[in-house]
Amino acid sequence: MFDFLLRRLAQLIPTLVLVSMLIFGLQQLLPGDPAKILAGEEQDPAVVEYLHKKLHLDEPLPVRYAYWVGGVLRGDLGESVRNQQPVLTLVAQKLPVTLQLAVMAMAIALAIGIPAGIVSAVGRGTAWDWGANVFALWGISTPNFWLGILLILLFAVNLGWLPASGYVSPFEDLGANLKAMIMPAFVLGNAIAAVLMRHTRSAMLQVLSADYVRTARAKGLSERTVVLKHALRNALTPVITLGALELGTLLSGAVLTEQVFTIPGFGKLIVDAVFNRDYAVVQGVVLVTATAYMLLNLLADLAYFAVNPRLRH
Amino acid sequence: MLGLVVVLAFIALAVFAPWVSPMDPVATSWSAIRKAPSAQHWFGTDEIGRDVLSRVIWGTRASLLAGVVSVSISLLIGVPIGMAAGFRGGWVDAVISRITDAFLACPFLILAIALAAFLGPSLTNAMVAIGVSAAPIFVRLTRGQVLGVKVEDYVEAARAVGNPPLRIALRHILPNVTAPLMVQSTLAIAAAVIAEASLSFLGLGQQPPAPSWGSMLNTAKNFIDNAPWMAIWPGIAIFLLVLSFNLLGDGLRDALDPRG
C-alpha cells in the first residue's frame, strides 16, 4: 500500500511540472506586452515599468518560468491586480464554499446514481431500466446552468420555497446555508448522478452474470443479499475509478453553478478574474484546481485499493 | 435514428435560418419589450424587444458551428499526435503521454475558460479553446487504438513487404482506428455544444448582439421572474441538440461495436 502510494506520488510530480508550464504558458497567449495589459485601462507608464520589473518581463522565457514556479513553490501565486491581495489568500477564502458545494453535490450524485444503476441493471429491460436510462440521458444532455435557471423559476419564483441566489455561511445560520445550497448542489449532482448511473449499470450487468453470483444464488441466498453483498461490492470498483474522472466535471460545473446562483466560491472567483483581466488569479485558480483534481484522483485510486483486496498482494 | 433525424433537422434550421426565421434576430422593438408568447411572437420577445424564436433559430448556427469546428480542431491536433505516440512508441510516446496527462489534469471547462480568457472573448476563440482543451482525449484514444492495431497481422504483413512507416500509418492503421474516433467525435460534439453554450453564458463566447443560446440564457437569468419564456426556449434548444448528438453517438457505438 505504502509503495503504491509512493509510486503514484512520484508519477504526480512530472505531471505537475508540465501543468505548471502549461499554465505559465497561458500568459504567452496575451497579445502584446503583458505589463501593458495588466496595468489596466490607464496604462500608467510607471505601473507598466513596475510590472515589467516585477514579472521579470525583460528576462528570457525559461528564466521567467523559473521565477514564477519558484514563487508558486513558496506559496506565492502572485497578486490580484484588482484588489492587491495575494492570490493564495483569495483562493483560500473561496475554497471552503466550493468544497461544501462539491461535497453536497457528490453526496446527491451518489445517492441517486448508484441506486438507479442497481435498479436498472437488476431490472434489465423493464420499465425501471428504461426510466433510469431516460434519467441518465436527461442528466448528461441538460446544461447545468439551464437546469439551475429552471429550478430557480420553480422553487424560488413560483413556489417561493428557496432563495433564488446568495450565500450564507453555515457558521452563521446552518438552516439558511442549506436552503441556499440545496438547489446548486442538486444541479451539480444531477449530471454526475447520470454518469454514475451508467457506470453502475454496466458494471452490475457484468458482475451479475459472473460465476460467483450464480454460486451465491445457487446457495439459496436471497436476491437482496446476492445483489447488495456479492454483486455490488465488486461492481463498485470500476465505478470508483470512472466516477473519479467526474470530479473534473464537478469542478468545471461549479464554475457555472456558482455563477447562476451567485455563490461566492472558486468558480465565481475565476469568472470575475477573467472579466477583470486579473490574469494572476486565473492562473492561480487553474493551478489549484488541477492540483486538487490530481490529488482527488489519487484518493480515488487509494479507495480503489481499499475496496479491492486482490490488489493488496 | 431519432438522434440523426433531430441533428439533421437542426442542420437544416441552421442552413436555412434566413428563410425559416420569422424576423430579424437582432432587430429591436421598443414597443415589444418582454412580451409573452403570442401569435405574432411564438416564443415571446426579449428585454429589448427582439423575437426569441428568430434568435433561437439563428443561435443554431453558433452552436452547431462551435460543435463541429471545435471537434475538428481536436481531431486535427489529437489524431496525428496520438498516432505518432502509438506508432513510434519509445520516448516519443513517453513525452506525448506526459503532456497529455498534464492537459487532462486541468478540468476541461476550466482549461477552456482560461484559454478563452487569455485569447479574448469571441466565438472563434471559444471554438479554439474548446478544441484545444478536448484534444488530449483524442490523443489518448487514438494512441490506445493504434497500440492495439499495430500488432495485427496485416500491419506486420504491410511492414514485411517493405511499406514505408508513413504509408503503413496512413493506409493500414488509420482506417482501422476510425470507428471509435467517429463515436467519440459525435459524443464530443455534444460536449462541445454544451461547452460553447457555457462559455457564451459566461460571456466568453459569441458576443452580443449576435444570437447564441448560451448568451440568451445569461440575459434571461436576470428576467426570470417576469419573462420566464426567455429562459425556456434557448435551454430546450441546447438540450435537444445535445441529446440528439448523444443518442447518435450511442447509436453509432452500438452499430460499430457489436461487442459493446
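What percentage of the 260 residues of chain B count as buried? In this predicted model, the figure is 51%. The legends below start with chain B as a whole and then zoom in.

**View 1. Chain B is built from 10 helices and zero strands.** Going along the sequence, the pattern reads α-α-α-α-α-α-α-α-α-α. If you're setting up a box around it, the C-alpha atoms of chain B take up roughly 75 × 40 × 30 Å along the principal axes. Take the contacts in chain B with a separation of 6 or more: 69% of them come from residues 24 or more positions apart.

**View 2. Helix H1 of chain B covers residues 2-15.** Its 14 residues reach 20 Å from the first C-alpha to the last, close to the 20 Å expected at 1.5 Å a residue. Looking at burial, B:Val7, B:Phe10 and B:Leu13 are the residues to pick out, as they are buried in H1(B). They sit on the same side of H1(B), because the arc they cover around the axis is only 120°. Some helix geometry helps here: an α-helix has 3.6 residues a turn, so residues three or four places apart point the same way. Turn to the other side of H1(B) and you find B:Val5, B:Leu8 and B:Ala12, which are exposed.

**View 3. Several helices of chain B help cover the buried residues of H1(B).** What lies over them includes helix H2 (17-20), helix H3 (52-88) and helix H10 (229-256), which belong to chain B.

**View 4. Helix H6 of chain A runs over residues 127-141.** With 15 residues, H6(A) reaches 21 Å from first C-alpha to last, close to the expected 21 Å at 1.5 Å a residue. The buried residues in H6(A) are A:Ala132, A:Ala136, A:Gly139, A:Ile140 and A:Ser141. Which elements cover them? The cover includes helix H5 (87-122) and helix H8 (174-208) of chain A, together with H10 of chain B. So this view needs both chains on screen, because H10 of chain B is part of what covers H6(A).

**View 5. A:Thr225 is found in helix H10 of chain A.** That helix takes in residues 223-260. Is A:Thr225 buried, exposed or partly exposed? A:Thr225 counts as partly exposed, because 13 C-beta neighbours lie inside 10 Å. For a sense of scale, A:Ala164 is 61 residues away along the chain, and the C-alpha atoms of A:Thr225 and A:Ala164 are separated by 43 Å.

Key: Residues are numbered from 1 along each chain as its sequence is written. Chains are lettered from A and ligands numbered from 1 in the order in which they are written. This is a predicted model: local features need pLDDT of at least 70, side-chain atom pairs count only at pLDDT 80 or more; totals for chains, interfaces and linings use all residues. Helices (H or I, at least four residues) and strands (E, at least two) are DSSP runs, numbered from the N terminus. A residue is buried if 20 or more other C-beta atoms lie within 10 Å of its own, exposed if 12 or fewer, and partly exposed in between; C-beta atoms are placed from the backbone. The expected span of a helix is 1.5 Å times one less than its number of residues. The arc is that of the directions from the helix axis to the C-beta atoms. Two residues are in contact if their C-beta atoms, placed from the backbone, lie within 7 Å.
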